[in-house]
Amino acid sequence: MQDANDPSRTPAGASSPASFDDRASRDGPNGRLLFQTEVFSGRKPVSIRQAAHEFLEEPARSTPVMRHTDVLVVGGGPAGTAAAVSAARLGADVTLVERYNHLGGLATGGLVIWIDRMSDWQGRRVIEGFAADVLDRLPGDEIAGPPRGEWGSRDPARAAYWQQRTAAFHGVVTHSPTLNPEWLKGVSQQMLRESGAHLLLHATAVAPWMQGPAVRGAVFESKEGRFAIRAHVVVDASGDGDLFARAGARFEDDIAEDDIHHCMNTAWLFGGVDMLRWIAFRQGDPDGFAAFMAKGREAIGLFERPFVSWRNDVALFMGPRQSGLSALDVEHMTAVEVRSRDLMGAHLAFFRAHAPGFGNAYLIHSAPQLGVRHTRRLLGVSPVHRDQWRSGEPLPDEIGISPSLSPAFPSISVPYGCLVPRALDGLLAPGRHLACDPNSHSFMREIPQCWLTGQAAGVAAALAACRQIEPRAVDVTQLQQALRKQGALLRMASDPPEAPDAPANR
Ligand SMILES: Cc1cc2nc3c(=O)[nH]c(=O)nc-3n(C[C@H](O)[C@H](O)[C@H](O)COP(=O)(O)OP(=O)(O)OC[C@H]3O[C@@H](n4cnc5c(N)ncnc54)[C@H](O)[C@@H]3O)c2cc1C
């Protein structure tokens with residue numbers, strides 16, 4: 001049974017969704033969904049937390065103001081990094097604050113090293129700008145995927161080859177590489193430094209700094225205690241809407257127990273493997289592979305198959321996926337971490353014993369960041385919505401273009417309004433908590449789309465700070481022009497009908 005929110009329930013003629021985890025949840029060419037059997041269906045663990053009948057009254061305190069800045073970015077994931085670099089490139093004074101010790105968010109710390117599709121069905125890279133910059137800066141041996149000339153190829157042999165290597169979907173070769181997360185951390189950090197943005201690690205935003213109805217900064221907790229940073233615009237790039245939620249903006253936080261988009265897991269990497277041998281087994285012996293998977297499920301229960309990485313000797317495991325849990329509940333988050341690590345050990349033993357190419361496998365690393373697909377989604381001025389999937393027409397406030405879920409749809413116009421809260425001022429919300437419906441979330445939360453919306457938020461925040469206006473008052477034409485100057489691909493009302501940069505499948 002599929003959930004009503006399952007994006008594979010697309011309008012007539014559409015085929016299945018495109019995200020990595022969606023592909024991972026399919027069994028065979030017909031795309032049979034396995035949500036019910038593969039995810040943890042034990043449902044919510046019993047909470048050991050006491051019901052909050054008792055409260056501690058904390059004394060009022062004076063919090064030191066550490067900095068004044070034009071643009072404060074909270075969170076250094078794909079969205080936050082793109083926002084900070086793009087705002088600073090326009091000359092704004094920018095401060096990025098991240099709670100962990102690195103940039104990249106889930107793309108590095110979550111080991112989500114499979115960057116989903118940036119090309120359309122004709123093979124044109126439709127997500128450009130920061131996203132293209134960051135990938136193009138990675139050394140050739142730290143990123144793997146088809147060469148540009150193959151993007152969009154429908155040659156069955158090439159598609160079959162890349163299908164096993166993260167880079168073909170619906171029979172089309174795609175630009176969706178895998179990469180070394182350590183290099184992505186380094187390149188993101190280098191780009192931030194070059195932009196002139198100020199970086200603060202090891203500090204967690206705990207509250208917005210409100211001035212009337214507007215957010216004008218944030219309060220942080222850190223090893224040195226509590227401090228505040230004042231800003232004209234705050235970019236909430238926490239992924240979980242930590243700041244907009246606490247500032248009172250409205251949001252959606254649905255959890256569908258049998259929908260992949262709400263599953264959590266801790267990912268891991270095995271080294272010492274031979275993925276070529278594994279692929280040969282998987283492709284060359286379908287019955288043997290099916291028997292292997294059945295045996296794995298029988299032995300372990302929640303059983304996950306590996307994906308290729310940027311190296312033949314490293315395998316990526318992005319699961320097992322655990323559903324019906326909230327990443328805003330620390331008991332649930334703890335349960336997922338503990339269960340994932342137990343499963344990791346069980347997988348290592350099973351794969352060593354039974355999987356071709358895994359005889360010498362060893363555990364390299366488990367993700368320091370919990371794999372969270374969804375917590376909150378902003379209720380924004382103009383959400384990305386599945387009603388617009390068929391049109392292909394650029395929205396008037398287009399900030400970029402997303403590849404669509406299947407060849408049945410043209411590329412999707414991403415509006416500025418999906419970053420802007422309906423009422424709250426002083427804040428923009430790019431990344432996986434942006435405003436969209438659950439179906440559109442399946443692609444709008446992907447890493448390239450987070451780079452795209454992060455870049456747009458950063459540019460808009462810099463323009464708002466420069467003119468001392470609210471983000472919602474930013475002139476859309478100026479925003480679009482500034483984004484184009486930074487290499488973003490988008491369509492403007494003033495473009496001639498046959499603009500050379502109009503996406504090929506429009
Ligand atoms: C299991 C799984 C599989 C996925 N598969 C793919 C895939 O194949 N391809 C793909 O492209 N995408 C995939 N995704 C989606 C993608 O990884 C994320 O949606 C994307 O990384 C979100 O980027 P973001 O910047 O919005 O948020 P995040 O990557 O979550 O970054 C948010 C950052 O903010 C920091 N932060 C959070 N709260 C605070 C705070 N209060 N104070 C300070 N810092 C804070 C965090 O530490 C983090 O660094 C997958 C996700 C998961 C979980």
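These legends walk through several close-up views of a predicted model.

**Figure 1. The whole chain, before we zoom in.** The protein holds 13 helices and 23 strands. Of its 506 residues, 53% are buried. Contacts across the sequence are a good thing to look for here: among those between residues at least 6 apart, 74% join residues at least 24 apart.

**Figure 2. Helix α3, a buried helix.** Here we look at α3, which runs over residues 78–89. Its end C-alpha atoms are 17 Å apart, in agreement with the 16 Å that its 12 residues should span at 1.5 Å a residue. Because 12 of the 12 residues are buried, α3 is largely enclosed by the rest of the structure. You can follow the buried residues from P78, A79, G80 and T81 through A82, A83, A84 and V85 to S86, A87, A88 and R89. What do they pack against? Their partners are the strands β3 (65–74), β4 (94–97) and β12 (225–236), together with the helices α4 (130–136), α6 and α12. Just after the helix, look for G91, where phi is positive at about 100°.

**Figure 3. Helix α3 alongside helix α6.** This view stays with α3 and brings in α6, residues 181–195. The two axes come within 8 Å and cross at roughly 25°. Angles under 35 degrees count as roughly parallel, so that is the description that fits α3 and α6. The crossing is left-handed. On the α3 side, the contact is made by T81, A84, V85, A88 and R89. On the α6 side, S188, M191, L192 and S195 take part. Sorted by class, the residues of this contact are five nonpolar, three polar and one charged. As you compare the positions along each helix, it helps to remember that an α-helix has 3.6 residues a turn, so residues three or four places apart point the same way.

**Figure 4. Helix α10 and its packing partners.** Helix α10 covers residues 330–354, 25 residues in total. From its first C-alpha to its last it reaches 35 Å, close to the 36 Å expected at 1.5 Å a residue. Its buried residues are H332, A335, V336, S340, L343, H347 and F351. These pack against β14 (264–265), α9 (286–300) and β17 (314–317).

**Figure 5. Where helix α9 crosses helix α10.** Now we pick out one of those partners, α9. The axes of α9 and α10 come within 11 Å and cross at roughly 140°. The two helices are therefore oblique to each other, and their crossing is right-handed. From α9, the residues to find are F292, K295, G296, A299 and I300. They meet L343, A346, H347, F350 and H354 of α10. This contact has six nonpolar, three polar and one charged residues. Two of its α10 members, L343 and H347, are also listed among the buried residues of that helix.

**Figure 6. A cis peptide bond ahead of helix α10.** The bond to look for joins G319 and P320. It is cis, with omega about 0°. P320 lies in the loop between β17 and α10.

**Figure 7. Two loop residues with positive phi.** Neither residue in this pair of views is a glycine. H170 has a phi of about 50° and belongs to the loop between β6 (168–169) and β7 (172–173). Is H170 buried, partly exposed or exposed? H170 is partly exposed, with 15 other C-beta atoms within 10 Å. Q468 has a phi near 55° and lies in the loop between α12 (447–467) and α13 (476–485). Q468 is exposed, with 8 other C-beta atoms within 10 Å.

**Figure 8. G431, a buried loop glycine.** G431 sits in the loop between β23 (427–428) and α11 (438–444). It counts as buried because 31 C-beta neighbours lie inside 10 Å. Which residues does G431 touch, leaving out those up to four places away in sequence? They are G77, P78, A79, A237, G239, C450, T453 and G454. G239 is 192 residues from G431 along the chain, yet their C-alpha atoms are separated by 6.0 Å. P78 and A79 bring us back to helix α3, where both are buried.

Technical notes:
Residues numbered from 1 in each chain as written. Predicted model: local features only at pLDDT ≥ 70, side-chain atom pairs only at ≥ 80, totals over all residues. Helix = DSSP H or I, 4+ residues; strand = E, 2+ residues; numbered from the N terminus. Buried ≥ 20, exposed ≤ 12 C-beta atoms within 10 Å, placed from the backbone. Contact = placed C-beta atoms within 7 Å. Expected span 1.5 Å × (residues − 1). Axes fitted to C-alpha atoms, helices over the stretch in contact; angles between N-to-C directions. Parallel < 35°, antiparallel > 145°, perpendicular 65-115°, else oblique. Left-handed = near helix turned anticlockwise from the far one by under 90°. Nonpolar A, V, L, I, M, F, W, Y, C, P; charged D, E, K, R; others polar.
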